[in-house]
Amino acid sequence: MLVRKILINNLNDGLKLIKNAGCNESAFLLLAKKGVFKPIIIEKIDNRAANILKQEAIACGADAVVNENVSRFKKGFSDAIILACSRQIEILIKKLAFQPFGLKELSLHLEEILKDITKPEKIFRYKKSKLTFSQTAVMGIINLDPDSFSADGITNADTALKQAAFFEESGAALIDIGAESSRPGVKPIDVKTEIKRLLPVLKHIKKKIKIPVSIDTYKYETAKAALDEGADIINDIFALRKGKDKLAKLISDMKAGLILMHMKGIPSNMQKNPFYKNCVSEVYEFLKERREYALGLGIGKDFISVDPGAGFGKTDKNNIELVKNMEVFSSLGCVTAGVSRKRFVRELSGKNTTSFVAANLMAAYCGASIVRVHDVAETVKALKIIDAVRRI
């Protein structure tokens, strides 16, 4: 007899191990769900609801961590943590659906998270196509603003086309074109200038490049001009807070993909003492609200990706927390990570390609489906290792 630990990171891992153990086929899925353990936090739950949650969790064979005020029957709100496997969460959802004090709503949220746990493979739709993520998708960055923080701004359409072609040949799944810098402290440019920089390059690229093109803009007029020229995705650093209903309806009508990013403040002031009580929680709440707003204006679930916004109104510690918790955001859709060449990476390990590629790899390993990068060829090669490990 040999006794050792095993690793089950997701349902597929569980299914493989269960099948190899040789049990009856009818029990494969049921037992695999029991092997996938995912703790879930509920913030600001009514203490009365937390009390019921604790009892129901124990009845399922799981448990719930609750504030000591709950056991003292004190009124108020607190945080609770469910400690359960996927199968126990499944049972708990049914029990909570008939309970008071907000537990019915909690059961719906748990259902969403359970879907993410048991069907982790995401898709991201744009126009009439889609990206699937059997491997991490690399998004190559093309900056058309000479004031870009990464100092790689391109002002010539032919040069931009060569870079896009190189990205495609190197294995990029999509490219992202931005004509306005969003580096800390920068002032915005007007729509006319943004479109003047963008359109000649976009026209060139759409004629030669087959992979989808994302446009980094938050302005309705720029998005409209770009989508009319064949752009596929809008990457909005303001998460529709600037373009609002008009931009959201345009994206919905054009069936474009949408990336919603978190940013605290605006580029000109976002790095002036950013502060969070709980960065991951606050960024998650923001993106959840923005996603619901987009859904309410007709943009489909699979057409939305979320980006926690590393480097946009965050300290170095905040950025590292977000990278570590990338998977937390996956219940909101496929996750885009933009850590390439960010200041926190340069300060941690230096201004060099090895550091930048390592940061992209870590974001992918921690749960990002799309990594937005400057060093496409190097990142694509390095990601093959992570993707191969995941497929085993």
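This report walks through a predicted model of a protein, from its overall build down to a few single residues.

**The overall build**

Let's start with the whole chain. The protein has 392 residues, and a compact globule of that length would have a radius of gyration near 21 Å; the value here is 22 Å, which agrees. If you lay a box along the principal axes, the C-alpha atoms fill roughly 65 × 50 × 40 Å. In terms of secondary structure, you're looking at 15 helices and 13 strands.

How much of the protein is tucked away? Of the 392 residues, 50% count as buried. The accessible surface comes to about 19,600 Å², and carbon and sulfur atoms account for 54% of that. As for how the chain meets itself, take the contacts between residues at least 6 apart in sequence: 70% of them join residues at least 24 apart.

**Helix H9 and its neighbours**

Now zoom in on helix H9, which covers residues 220-228, and helix H10, which covers residues 244-253. The two pack at an angle of about 10°, and their axes are 10 Å apart. That angle makes H9 roughly parallel to H10, because anything under 35 degrees counts that way.

Which residues do the touching? On the H9 side they are Tyr220, Ala223, Lys224 and Leu227, and on the H10 side Lys246, Leu247 and Leu250. Sorted by class, this contact has 5 nonpolar residues, 2 charged ones and no polar ones.

H10 isn't the whole story for H9. The buried residues of H9 are Thr222, Ala223, Ala225, Ala226 and Leu227. They pack against helix H8 (191-208), strand S8 (213-216), S9 and H10. Ala223 and Leu227 therefore turn up twice, as buried residues of H9 and in the contact with H10. Just after the helix comes Gly230, with a positive phi near 105°.

**Helix H5 and Gln88**

Helix H5 spans residues 86-96, and its buried residues are Ser86, Gln88, Ile89, Glu90, Leu92, Ile93 and Leu96. What lies over them? The cover includes helix H2 (28-35), strand S1 (40-46), helix H3 (47-59), strand S3 (77-83) and helix H6 (103-118).

Gln88 is worth clicking on. This H5 residue has a relative accessibility of 17%, so it counts as buried, the cut-off being under 20%. If you skip its neighbours within four places in sequence, Gln88 is in contact with Cys60, Gly61 and Ala62.

**Two residues with positive phi**

Most residues other than glycine have a negative phi. With that in mind, have a look at Ala239 and Arg341. Ala239 isn't a glycine, yet its phi is positive, at about 50°. You'll find Ala239 in the loop between strand S9 (233-236) and H10. Is Ala239 buried or exposed? Its relative accessible area is 0%, so Ala239 is buried.

Arg341 also has a positive phi without being a glycine, this time about 60°. Arg341 sits in the loop between strand S12 (334-337) and helix H13 (343-349).

**Some helix residues and their partners in space**

Here are a few helix residues, each paired with a residue elsewhere in the sequence. The distances run from C-alpha to C-alpha.

| Pair | Apart in sequence | C-alpha separation |
|---|---|---|
| Glu292 and Leu332 | 40 residues | 9.6 Å |
| Thr159 and Val201 | 42 residues | 9.2 Å |
| Lys384 and Lys16 | 368 residues | 22 Å |

Glu292 belongs to helix H11 (residues 279-296). Its relative accessibility is 42%, so Glu292 counts as partly exposed. Thr159 is part of helix H7 (residues 157-170), and with a relative accessible area of 39% Thr159 is partly exposed too.

Where does Lys384 fit in? Lys384 lies in helix H15, which runs over residues 376-391. Its relative accessible area is 56%, so Lys384 is exposed, given that the threshold is over 50%. Lys384 and Lys16 are 368 residues apart along the sequence, with their C-alpha atoms 22 Å apart in space.

Notes: Residues numbered from 1 in each chain as written. Predicted model: local features only at pLDDT ≥ 70, side-chain atom pairs only at ≥ 80, totals over all residues. Heavy atoms only, no water. Axes fitted to C-alpha atoms, helices over the stretch in contact; angles between N-to-C directions. Helix = DSSP H or I, 4+ residues; strand = E, 2+ residues; numbered from the N terminus. Parallel < 35°, antiparallel > 145°, perpendicular 65-115°, else oblique. Contact = heavy atoms within 4.5 Å. Nonpolar A, V, L, I, M, F, W, Y, C, P; charged D, E, K, R; others polar. Rg over C-alpha atoms; globule rule 2.2 N^0.38 Å. Buried < 20%, exposed > 50% of the residue type's maximum accessible area, 1.4 Å probe, protein only. Areas by Shrake-Rupley, 256 points an atom, 1.4 Å probe, with all protein chains shown as cover.
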